[in-house]
Amino acid sequence: MKLGYYCASYSCGKINYLKVASNNRYDLKGEIGTEFNERCKHCGKHTKKHINRLHGEMNTTVLLIAVAIAIAGTIVLWNIGFIASPVTFGIPALAWYNERKKVSDFNKLMID
Ligand SMILES: [Zn+2]
């Protein structure tokens, strides 16, 4: 999961992403505090916002890695005489499901 926020500058307004370890806003509060002050990667302007303004997005890198693992697993199985099993196809499906759940759980929970 990655956390995005929009730049406060009206002329910019582009999305930026924060790298954090937390999966929910309570942990995030402990990690970065109730407000964050970040520099926009597009225009350089500082944006100070409450962490409730951050929104979770699915990290497509995680999903691509899962797909790569599934393809590698399929090839390995093929070489030892098995055709692709539902397990190999299940890896990306499971990764996608986990990532989507993390994002929706994060976005549902707001702190006071
Ligand atoms: Zn900006």
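**Strands, sheet and domains of a predicted model**

Q: Which residue is the bridge partner of Y5 in β2?
A: In this predicted model, the bridge partner of Y5 in β2 is N16, and Y6 stands opposite I15 in β2. Residues are numbered from 1 along each chain as its sequence is written. Because the model is predicted, local features need pLDDT of at least 70 and side-chain atom pairs count only at pLDDT 80 or more, while totals for chains, interfaces and linings use all residues.

Q: How do you know that β1 and β2 pair?
A: Two strands pair if DSSP finds at least two bridges between them, and 4 bridges join β1 (residues 2-6) to β2, the two running antiparallel, so the pairing is met. β1 also pairs with β5 in the antiparallel sense, over 3 bridges, and K2 stands opposite E57 in β5.

Q: What makes β2 and β5 the edges of the sheet?
A: The open sheet has 3 strands in the order β2-β1-β5, with antiparallel pairing. β2 (15-18) and β5 (55-57) each have a single partner strand, so one side of each is left without a neighbour in the sheet. Neighbouring strands of this sheet are turned by 45° against each other on average, direction ignored, with the axes being lines fitted to C-alpha atoms and angles running from 0 to 180 degrees between N-to-C directions.

Q: What pattern does the protein follow along the sequence?
A: The protein has 3 helices and 5 strands, in the pattern β-β-α-β-β-β-α-α; both are DSSP runs numbered from the N terminus, helices being H or I of at least four residues and strands E of at least two.

Q: How does the radius of gyration of the protein stand against that of a compact globule?
A: A compact globule of 112 residues would have a radius of gyration near 13 Å, but the protein has 19 Å, the value being taken over C-alpha atoms and the globule rule being 2.2 Å times the number of residues to the power 0.38. Along its principal axes the C-alpha trace spans about 55 × 30 × 20 Å.

Q: Where do the two domains lie, and how many residues are in contact between them?
A: An automatic or database domain assignment gives the bounds, with domain 1 at 2-56 and domain 2 at 60-108. Their C-alpha centres lie 29 Å apart. Counting a contact when C-beta atoms, placed from the backbone, lie within 7 Å, 4 residues of domain 1 are in contact with 5 residues of domain 2.
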